[in-house]
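Student: I would like a close look at one part of this model, followed by a connected account of how the rest is arranged. Please take it slowly and keep to what the coordinates support.

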Amino acid sequence: MKKIELLAPAGNLLALKAAVENGADAVYIGGELFSARQNAGNFTAGEMAQGVEYAHKRGCKVYVAVNTLLHNEEIGDLIAYAYELAELKVDAVIVQDLGVMRLLQETLPQLEIHASTQMAVHNAGGVKFLAEQGIKRVVLARETSLEEIKKIRQQTEVELEVFVHGALCVGYSGQCLLSSMIGGRSGNRGLCAQPCRMAYQLVNRHGENIVADGKYLLSTRDLNMIEHIPELIKAGVNSLKIEGRMKRPEYVATVVKHYRQAIDCYYAHIQPNLAKANQELLQIFNRKFTTGYFFGNQGADLMQHKKPDNGGVFVGKIVKAKGKRVSVLLEKNINQGDGYALSGGKSKEVAGKIMDLQVKGKAVEQAVKGQTIEFTAAEEVKDATVMYCTSDVVLLKQAQDSYKTPSQPLKKQVHFKIELHQGKPISLLAWDNEGKQGYGESTYLVELARTQPSTEESIRKQLERLGNTGYVLGDLIIELDEGIIAPASELNQIRREVMEKLEQQENIPEELPAYEDYIEDVGDFLDRIPPAVFGYTEPQISVHVGTREGAEAALAAKAQCVIVNATALRGQKALDEEDYQFLATKAHQQGVEIYWTCAPVVKEGQWKRMQTLMQAAKDSDFDGVVVGNLGLLQMAQEMGWENIAADYQMNILNDLTVQALSGWELSKITLSPELSLKEIEDCSYRGNLPLELIVHGNFPLMLSEQCVAGSVCGDRAAETSCQAPCLREQFALKDRMGMQFPLKMDEYCRMYIYNCKTLSLYKRLDAVLPLGIDYLRIEARGQAPEWISEVVNSYRQALEQYQKHGKVIVDLQALQLLENRAPQGSTYGHYFRGV
């Protein structure tokens with residue numbers, strides 16, 4: 001049985017060494033370009049070369065994250081960067097952007113590609129689609145359960161990688177626009193501002209505060225699956241991934257060490273010391289631990305509402321505090337230099353390092369459980385009641401010692417076949433386990449021995465002397481005439497000559513085209529992107545709705561395309577086959593296109609229902625489907641749909657991605673709301689493939705399996721079911737600026753966090769219309785028919801005026817209606833400011 005891979009993070013060269021020296025089978029790193037952790041140390045070109053060499057010499061693979069979305073102007077830099085990675089012989093690249101994936105597959109097939117968790121692949125359909133594109137490994141979304149992994153494994157042979165330890169995103173990775181829209185820093189571009197670690201207040205429809213057990217309502221605990229490695233292995237997982245490219249080397253060393261031991265113990269049928277492992281894992285960093293979604297939705301047990309950063313380990317209760325001087329009765333050993341946090345009261349937490357540890361007035365280096373310590377805190381301690389140790393100098397030194405001295409590089413096995421026959425040269429054939437070979441013959445002719453003939457043992461002794469070659473002797477085949485002599489000097493000489501030939505092959509790079517040829521191949525690839533067709537195109541108004549009534553309102557307002565969502569939001573009636581037939585007939589009577597869509601997440605248990613509904617839409621003569629993930633794309637293609645449109649959740653930011661989707665026979669593209677109008681103007685596919693732009697409405701900034709309302713006031717937890725407060729009340733998250741982000745839940749209890757402000761380009765249609773966009777989309781999934789009617793009519797009339805007069809005439813009455821429908825104001829999104 002092939003052992004499961006242990007994959008470790010490394011944000012810098014020292015962290016890479018910490019991972020390698022503590023037993024990682026592979027490390028994943030990021031360079032200075034295109035990495036989803038732009039705030040990590042990351043690797044310069046020189047450091048990456050050092051890191052790859054260091055890891056490879058010790059039998060450890062290196063994967064490089066190229067997992068951000070690209071803009072068109074960055075394609076040239078990507079091309080050069082990809083070739084550099086291939087030259088370094090990295091073992092794989094981790095990719096999010098579908099266009100980058102396609103480019104690398106066609107122009108650098110030597111690079112193995114892993115599909116990033118940023119692709120949000122969570123079902124067998126998505127994995128199958130990527131397998132058909134030649135992807136070797138898929139990093140599954142963190143929301144994928146163990147049972148779902150088993151079902152995926154039964155349907156595909158692609159390698160599956162899952163996160164097992166470290167920080168969790170509360171929303172689906174690659175689907176989150178929260179940081180982008182409210183902070184101007186895109187997670188899809190590697191600069192997430194982590195708004196999920198900020199404070200929020202849950203409020204009801206009246207804006208009244210709802211009491212929670214803390215204020216960090218989107219802050220998750222840290223994942224810890226060390227006790228469940230056997231289940232992961234049996235489920236068919238190929239790689240266990242530790243999160244933490246932003247973490248210090250000591251963290252990497254400690255976590256890798258314990259997961260290495262746990263994995264080795266499983267294969268050796270030995271029980272690991274999980275108590276010690278969990279104690280050190282807690283100490284090195286924790287926000288409390290969770291098993292994430294592996295065993296189902298944990299509700300409140302997934303979250304850490306009280307503290308968004310390292311919680312440390314409980315040390316003891318404060319027995320006295322006066323000014324900065326603190327006395328604590330220990331329930332755990334503590335050291336001079338340890339980090340501490342004093343909390344428990346209403347005042348802010350006091351944190352720092354212990355610089356003057358004392359017991360009974362005497363300075364000590366360590367105090368033990370049961371003793372009362374005194375030290376001076378960094379600030380006045382007012383009403384704190386407990387002390388936590390946030391860093392342990394003993395544990396940190398132990399971690400540092402593990403990678404302070406580099407281990408010896410691993411030596412490969414070399415196998416020899418030697419022939420010694422009287423009157424003939426000594427012949428020596430060498431080969432290794434990778435198929436490399438070396439052969440040589442001596443000028444010396446084998447003679448009969450005058451005194452002491454050669455033996456197999458004496459020959460082995462000389463051939464074993466491989467010194468600093470990087471090899472050790474494996475199999476040895478000896479053909480030896482009786483009574484002959486092979487002088488040690490001759491054996492040593494032929495051994496050296498043959499090993500030089502073998503090692504020369506080690507330095508021959510894997511087949512890689514010359515840079516000039518590679519650039520020519522890339523040029524041929526890019527030449528297939530058509531030039532943009534400039535000029536005004538009379539745009540169609542498309543409306544995304546969630547109810548039959550909403551679709552009817554859009555049709556009555558003379559929208560030219562209606563997108564009907566099959567996933568019902570709470571409080572809405574789900575559409576059935578009768579609704580589909582009615583709406584399709586009515587749409588076609590008016591000459592209107594009608595498309596089917598659903599939520600961009602379809603778990604394994606929801607797959608058959610969505611298949612049934614998609615087929616019902618096809619049977620009802622819908623014009624096409626809009627897909628928001630690769631699984632749905634696979635479903636639509638298997639069902640034989642001719643018109644498949646890519647929704648904005650497919651993260652379409654560049655020509656490469658449009659080209660890839662076009663190659664997969666998609667017929668319409670909804671551009672990412674993270675694009676600016678200037679970037680859209682540079683899109684080559686304008687006029688060549690129907691493009692859609694969201695111009696009005698509220699759309700989700702985050703999609704999460706975790707429901708804040710259910711956790712805070714619905715009693716949802718690992719062992720308790722939700723009381724469904726969303727059926728009785730409407731909720732929002734209020735941030736520190738007082739802005740309220742509406743929460744909506746769907747029929748599968750998923751939570752959508754909507755923007756507090758309504759996107760509206762009504763006043764700036766003059767900047768949009770000259771771009772030649774084919775469809776202007778209004779997001780109205782959760783809106784009432786009256787809202788839909790007013791908004792669609794306002795935009796339709798504006799377009800009619802533009803077509804008649806050649807300019808946008810802003811109707812003040814329509815503008816007032818739109819402003820009234822945006823109670824917290826409106827926004828242009830990123831269309832003018834960029835991200």
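Where in the chain's secondary structure does E800 have its place?

Tutor: This is a predicted model, and what follows should be read with that in mind. E800 has its place in helix 23, which covers residues 785–805. With a relative accessibility of 41%, E800 counts as partly exposed, because the buried class ends at 20% and the exposed class begins only over 50%. The C-alpha atom of E800 is separated by 9.7 Å from that of E538, although the two residues are 262 apart along the chain.

From E538 one can move to the strands that follow in numbering. Strand 28 (residues 540–545) pairs with strand 29 in the parallel sense over four bridges, and within this pairing V545 has V564 of strand 29 as its bridge partner. Strand 29 (residues 561–565) is largely enclosed by the rest of the structure, because five of its five residues are buried. In a regular strand the side chains alternate between the two faces of the sheet. Strand 29 is covered on both of its faces, with C561, I563 and N565 buried on one side and V562 and V564 buried on the other.

Antiparallel pairing appears elsewhere. An open sheet of eight strands runs in the order 16-15-21-12-13-20-17-18, with antiparallel pairing. Its edges are strand 16 (350–353) and strand 18 (362–363), each of which pairs on one side only. Within this order, strand 12 (residues 313–322) and strand 13 (residues 325–330) pair in the antiparallel sense over six bridges, and K317 stands opposite L329 of strand 13. Strand 23 (residues 425–432) and strand 24 (residues 437–445) also pair in the antiparallel sense over six bridges, with Y439 in strand 24 as the bridge partner of L429. The hairpin of strand 23 and strand 24 has four residues between the strands, and there G435 takes a positive phi near 90 degrees.

Most residues other than glycine have a negative phi, and most peptide bonds are trans. Against that background, two residues deserve a second look. K288 has a positive phi near 75 degrees without being a glycine; K288 is placed in the loop between helix 10 (274–284) and strand 11 (289–290) and, at 41% relative accessibility, counts as partly exposed. A724, likewise not a glycine, has a positive phi of about 55 degrees; A724 is found in the loop between helix 21 (708–713) and strand 36 (731–734), but A724 counts as buried, because its relative accessibility is 18% and the limit for that class is 20%.

Turning to side-chain contacts, the count of aromatic pairs comes to 13. One of the pairs is F34 with Y81, whose ring centres are 6.0 Å apart and whose planes meet at 50 degrees, so the pair is tilted. This pair links distant parts of the chain, with F34 in the loop between strand 2 (26–30) and helix 2 (45–57) and Y81 in helix 3 (residues 75–88), 47 residues apart. F34 is buried at 8% relative accessible area, and Y81 is buried at 7%. Y83, Y515 and Y518 form one aromatic cluster. Rings also take part in contacts with charged groups: the charged end of R142 sits over the ring of F163, 3.9 Å from its centre, and R548 lies over the face of F582, at 3.8 Å from the ring centre.

Finally, there is the enclosed empty space, where the count comes to five cavities of 30 Å³ or more. The largest cavity has a volume of about 270 Å³ and is lined by 23 residues, with Q175, P600, Y648, Q649 and P700 nearest its centre. Strand 35 (700–704), strand 38 (751–754) and strand 40 (775–780) each supply at least two residues of this lining, and the largest share, three residues, comes from strand 35. By character, the lining of the largest cavity divides into 11 nonpolar, eight polar and four charged residues. The second largest cavity has a volume of about 160 Å³ and is lined by 17 residues, with L98, M119, Q649, M650 and N651 nearest its centre. The lining of the second largest cavity divides into seven nonpolar, nine polar and one charged.

How values were computed. Residues numbered from 1 in each chain as written. Predicted model: local features only at pLDDT ≥ 70, side-chain atom pairs only at ≥ 80, totals over all residues. Heavy atoms only, no water. 1 Å grid on protein atoms, 1.4 Å probe; cavity = no way out; pocket = protein on both sides within 12 Å on 5 of 7 lines; lining within 4 Å. Points joined across faces, edges and corners; volume = space filled by probe spheres on them. Nonpolar A, V, L, I, M, F, W, Y, C, P; charged D, E, K, R; others polar. Phe/Tyr/Trp six-rings, centres within 6.5 Å; stacked < 30°, edge-to-face > 60°. Buried < 20%, exposed > 50% of the residue type's maximum accessible area, 1.4 Å probe, protein only. Lys NZ or Arg CZ within 6 Å of the ring centre and 35° of its normal. Pairing = 2+ DSSP bridges.
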